[in-house]
Amino acid sequence: MRIRVKLKRSAEGLWFVDLPTFAMVPGSVEPVIDELTTPDGVLAVADQTDSRLQRLSCMVEVPDDYIDERTGKPSRVTLRLLHRGHPRWGLGNSTDPDIDLQL
Amino acid sequence: MRIVYPAGARNDLYDRNGASKGAGFAANAVASHADTQRWSYTAPASRKLLVGSLSTTINPQNAGGPANLAQCYGRLTPSGGAATTCCGLALTLGGGVIATSASHLQGMILMPNDQLEGRTVDLSTGASASYFIAFAGLEFDA
C-alpha cells in the first residue's frame with residue numbers, strides 16, 4: 001500500500017523514514033522549496049537544519065499488513081507484534097514511530 | 001544408511017512458508033542530495049531472509065560543477081547491533097567526470113529483526129545522475 005509519511009533527519013544527518021520496511025517512491029518528496037529540496041530529496045548544499053525542512057514528506061510503499069483498516073495508518077500494535085524484541089519497533093516502552101499522514 | 005526426518009520437517013527454505021521479497025529505488029536525473037534512505041527491509045521477528053542479490057549502480061548524467069563524492073550503498077543493522085555498510089560504491093561526480101560504477105552482493109542471510117537499507121548521497125554541486133539500488137530474496141519461517 002502506498003502512503004505519505006514524514007521524511008525525518010537523524011542525528012547523524014541521514015534523511016529517513018521511521019518504518020521497519022518501506023520503499024520510497026522516486027520523485028515524491030514534498031514540498032519542493034527553492035535552494036533546499038528537489039522531488040528526490042534535500043539538496044546537499046542546503047542548510048540541513050532549516051526549519052522549513054521539518055515539513056518534508058514522501059510517498060512510500062509499505063506492506064499491506066502494516067495498515068490499520070480503521071485508521072488507514074500503520075498500526076503500532078502490528079509493528080510491535082511483527083518485530084517483537086526489536087530495540088526500535090518491537091518494545092512496548094519504545095518510542096512510537098512518528099507516522100503522520102496529515103501532511 | 002537410511003535418513004529419517006521428523007514428521008512435518010521442511011528442509012528446503014522455500015517450503016517453510018516462503019515468500020519472495022524485494023525493494024528498490026531507480027531514478028533518473030537526481031540532483032545532488034544529502035544522505036537519504038531510499039528503502040528499508042526488516043525481517044519479522046519469526047522470519048529470516050535469504051538475500052539473493054543486492055545491486056547498486058550510479059550512472060552520471062550531468063558532470064557540471066565542482067566534483068565531489070556520490071555514493072549508493074546498502075546498510076546492514078543486525079537487531080541490537082551496530083550498523084555497517086555491506087555493499088556499496090563511491091564515485092566522484094562533477095568536474096567533467098563521466099563514469100558508471102556498479103557493485104553487487106550475493107548470499108547473505110538476515111536473521112529475525114535484522115534490517116537492510118538502501119541509501120544514496122551526492123555531495124557534488126550541479127551534477128546529476130541516475131541511481132539504482134535494489135535487493136531481492138526469499139523470506140521464510142525462522
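What follows is a short working chat about a predicted model with chains A and B.

Student: What are the ground rules on numbering and confidence here?

Tutor: Residues are numbered from 1 along each chain as its sequence is written, and chains are lettered from A and ligands numbered from 1 in the order of writing. The model is predicted, so local features need pLDDT of at least 70 and side-chain atom pairs count only at pLDDT 80 or more, while totals for chains, interfaces and linings use all residues.

Student: What is the mean pLDDT of chain A?

Tutor: The mean is 86, and 88% of the residues of chain A reach 70 or more. pLDDT is the predictor's confidence in each residue, from 0 to 100.

Student: And where in chain A is confidence lowest, and where highest?

Tutor: It is lowest in helix α1 (residues 76-82) of chain A, at a mean of 87. It is highest in β4(A), at 97. Where pLDDT is low, the predicted coordinates should not be read in detail.

Student: Which elements does chain A have, and in what order?

Tutor: Chain A has 1 helix and 7 strands. The order from the N terminus is β-β-β-β-β-β-β-α. Helices (H or I, at least four residues) and strands (E, at least two) are DSSP runs, numbered from the N terminus.

Student: How is chain A divided into domains?

Tutor: Domain 1 covers 2-62 and domain 2 covers 65-95. Those bounds come from an automatic or database domain assignment. The centres of the two domains of chain A, taken over C-alpha atoms, are 22 Å apart.

Student: How much of chain A is buried?

Tutor: Of its 103 residues, 31% count as buried. Buried takes 20 or more other C-beta atoms within 10 Å of a residue's own; exposed is 12 or fewer, and partly exposed lies in between, with C-beta atoms placed from the backbone.

Student: Switching to the interface. How many residues does each chain give to the contact?

Tutor: Chain B gives 27 and chain A gives 28. Contact requires C-beta atoms, placed from the backbone, to lie within 7 Å.

Student: Which element of chain B gives the most?

Tutor: β2(B), with 10 residues. The elements giving two or more are β1 (19-31), β2 (33-42) and β8 (115-122) of chain B. That side of chain B divides into 12 nonpolar, 12 polar and 3 charged residues. Ala, Val, Leu, Ile, Met, Phe, Trp, Tyr, Cys and Pro count as nonpolar, Asp, Glu, Lys and Arg as charged, and the others, Gly among them, as polar.

Student: What does β2(B) pair with in chain A?

Tutor: Strand β4 (residues 22-24) of chain A, antiparallel, through 2 bridges. Pairing needs at least two DSSP bridges between the strands. Phe22(A) stands opposite Ser40(B).

Student: What else does Phe22(A) touch?

Tutor: Leaving out residues up to four places away in sequence, Phe22(A) touches Val17(A), Val60(A), Glu61(A), Val62(A), Trp39(B) and Ser40(B).

Student: Any odd backbone spots? Which peptide bond is cis?

Tutor: The one from Glu30(A) to Pro31(A), with omega near -10°. Pro31(A) sits in the loop between β4 and β5 (37-38) of chain A. Glu35(A) lies in the loop between β4 and β5 too, and its phi is near 65°, a positive value in a residue other than glycine.

Student: Is Glu35(A) buried or exposed, and why?

Tutor: Glu35(A) counts as exposed because it has 9 C-beta neighbours inside 10 Å.

Student: What about Asn113(B): buried or exposed?

Tutor: Asn113(B) is buried, because 25 other C-beta atoms lie within 10 Å. Phi of Asn113(B) is near 70°, also positive in a residue other than glycine. Asn113(B) is in the loop between β7 (108-110) and β8 of chain B.

Terms used. Contact = placed C-beta atoms within 7 Å.
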